[in-house]
Amino acid sequence: MGSSNNCNDMQVPLINLSLLQQDSQTKSHVIKQIHQACTSAGIFNVINHGLSETLIEEVLKVNANFFELPLVTKEGLISDDILKPVRFSTNQGGAQGIFRDFLKLYAHPLEEFLNSWPNNPPDYRDKMGRCAVEMRKLGIQILGAIMESLNLETTFLKDNIEQGMHMVAINSYPPISESKNIKKIIGAPQHTDHSIITILLQSSSGLQVMDRNDKNTWKYVPKLKGSLLVFVGDHLEVLSNGKYKSVLHRVVYESCDETRLSIASFQSLGMDEVLEPAIELVDEEHPKQYKGSSLRDFLKHLASGESKPFIETLKISSETMEE
Ligand SMILES: O=C(O)CCC(=O)C(=O)O
Ligand SMILES: [Fe+2]
């Protein structure tokens, strides 16, 4: 997956997280890089992120094993209720031409949810549980750096984030052979994530983001071995009062010979906690641009089938501001 004649690769900034532990000058340089990455691309790669190669390999393997299980063993997890803490879905073409299986898991507090996660393969909970814990820890660390990059305290909303929601989505995109003659295969339709940030592990390239610095063209995000991707989500756009914009992305491919897996970790506040633009970032020159909203508001929006992107429903129009 990932090669296409009419879609170039995105230049994705690379952040070395271990430098955040060094002297203050080195640290502030990294914070500037994060600021730059969030304002321009809205996405960056991180290395030295704390997830070991072994854990990454194990978690990809156990998820590959899960998705390879016959449908009857996974069917019980299928649900249209997006508030379900464990939800499996399978799309093999159909009316919308989407090819993707996914498993969505609530992951914090882990003890509360782990028992409802799949236990086939038998080591699923152990491997995926360890991965979720590491991804959450990483998300909290990166959010501290992002707050600093917005000139907020590193601890801004830290307690709320630590007590907030953490969801993990594992996506599996089936191989589609060229002989099937399907021109454009949609794995994930274009969207922005509702989260504050999303951390993504991809087993191979296939993700595309809209490059707003190059005439809004779609670009592939190459897989950089050992690295993880960080996306600006809708709730960071709101929190930053529009300084950072959530990044539009999708998975679209022409053909491929092996299953592609991705694991996305979504960091949010509590289900009913309303997130507003930080008052520190609102002044006469930068009036409040977004209404407050909670994760539940987003989920309700999603369930309603409304085609308008969630973030658009939050924008305070300039006419309203002049009133
Ligand atoms: O599979 C991918 O690379 C992206 C998945 C994604 O965007 C999501 O789960 O929100
Ligand atoms: Fe996404």
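**Entry 1: getting my bearings**

Helices and strands here are DSSP runs, numbered from the N terminus, with at least four residues for a helix and at least two for a strand. I also note that this is a predicted model. With that settled, I looked up Pro 109, which sits in the loop between strand E4 (98–106) and helix H4 (110–113).

**Entry 2: cis peptide bonds**

I went to that loop for its peptide bond. His 108 and Pro 109 are joined by a cis peptide bond, with omega at about -5°. Then I looked up another cis bond, between Asn 120 and Pro 121, where omega is about 0°. Pro 121 is in the loop between H4 and H5.

**Entry 3: positive phi**

Next I checked backbone angles. Asn 48 is not a glycine, yet its phi is positive, about 55°. I found Asn 48 in the loop between strand E2 (43–47) and helix H2 (53–68). Is Asn 48 buried, partly exposed or exposed? I count 14 C-beta neighbours inside 10 Å, so Asn 48 is partly exposed.

Asn 216 also has a positive phi without being a glycine, near 50°. Asn 216 is in the loop between strand E8 (207–211) and strand E9 (217–220). Asn 216 has 9 other C-beta atoms within 10 Å, so I wrote it down as exposed; the cut-off for exposed is 12 or fewer.

**Entry 4: H1 against H5**

I turned to a helix pair. Helix H1 (residues 24–39) and helix H5 (residues 124–149) pack at an angle of about 85°, and their axes are 9 Å apart. How do H1 and H5 lie relative to each other, roughly parallel or roughly perpendicular? They are roughly perpendicular, because angles from 65 to 115 degrees count that way.

I then listed who meets whom. From H1 come Ile 31, Ile 34, His 35 and Cys 38, and from H5 come Ala 145, Ile 146, Glu 148 and Ser 149. By type, the residues of this contact are five nonpolar, two polar and one charged.

While I was in H1 I looked at Ala 37, which belongs to that helix. Ala 37 counts as buried, since it has 23 C-beta neighbours inside 10 Å. Leaving out residues up to four places away in sequence, Ala 37 touches Pro 13, Ile 15 and Phe 44. I also tried a long jump along the chain: Ala 37 and Tyr 244 are 207 residues apart in sequence, but their C-alpha atoms are separated by 9.3 Å.

**Entry 5: the core**

A reminder to myself: in soluble globular proteins, nonpolar side chains tend to be buried together. Here the largest nonpolar core has 74 residues, and Ile 146, Ile 197 and Val 230 have the most contacts inside it. H5 gives this core its largest share, ten residues. I had already met Ile 146 where H5 contacts H1.

Which residues does Val 230 touch? Not counting residues up to four places away in sequence, I find Ile 43, Phe 44, Val 46, Ile 142, Ile 197 and Ile 199. Phe 44 is familiar, as it also touches Ala 37.

**Entry 6: around ligand 1**

I listed the shell around ligand 1: Ala 169, Asn 171, Ala 188, Asp 193, Leu 200, Gln 202, Leu 207, His 249, Val 251, Ser 262 and Ala 264. Strands E5 (166–173), E7 (197–202), E11 (249–253) and E12 (260–267) each give two or more residues to this shell. The shell divides into six nonpolar, four polar and one charged.

I picked Asp 193 out of that shell. Asp 193 is in the loop between strand E6 (185–191) and E7. Is Asp 193 buried or exposed? With 25 C-beta neighbours inside 10 Å, Asp 193 counts as buried. Setting aside residues up to four places away in sequence, Asp 193 touches Thr 198, Phe 231, Gly 233, Asp 234, Ser 246 and Phe 266. Asp 193 and His 235 are 42 residues apart along the chain, and 8.5 Å separates their C-alpha atoms.

**Entry 7: Ser 265**

Last stop: Ser 265, in strand E12. Ser 265 has 24 C-beta neighbours inside 10 Å, so I noted it as buried. Beyond its neighbours within four places in sequence, Ser 265 is in contact with Met 135, Arg 136, Gly 139, Val 168, Thr 198 and Ile 199. Thr 198 turned up among the contacts of Asp 193 too. Finally, I checked Ser 265 against Glu 112: they are 153 residues apart along the chain, with 18 Å between their C-alpha atoms.

Notes:
Residues are numbered from 1 along each chain as its sequence is written. Chains are lettered from A and ligands numbered from 1 in the order in which they are written. This is a predicted model: local features need pLDDT of at least 70, side-chain atom pairs count only at pLDDT 80 or more; totals for chains, interfaces and linings use all residues. Axes are lines fitted to C-alpha atoms, for helices over the stretch in contact, and angles run from 0 to 180 degrees between N-to-C directions. Angles under 35 degrees count as roughly parallel, over 145 as roughly antiparallel, 65 to 115 as roughly perpendicular and the rest as oblique. Two residues are in contact if their C-beta atoms, placed from the backbone, lie within 7 Å. Ala, Val, Leu, Ile, Met, Phe, Trp, Tyr, Cys and Pro count as nonpolar, Asp, Glu, Lys and Arg as charged, and the others, Gly among them, as polar. A nonpolar core is a set of buried Ala, Val, Leu, Ile, Met, Phe, Trp, Tyr and Cys residues joined through C-beta atoms within 7 Å. A residue is buried if 20 or more other C-beta atoms lie within 10 Å of its own, exposed if 12 or fewer, and partly exposed in between; C-beta atoms are placed from the backbone. A residue is near a molecule or strand if its C-beta atom, placed from the backbone, lies within 6 Å of it.
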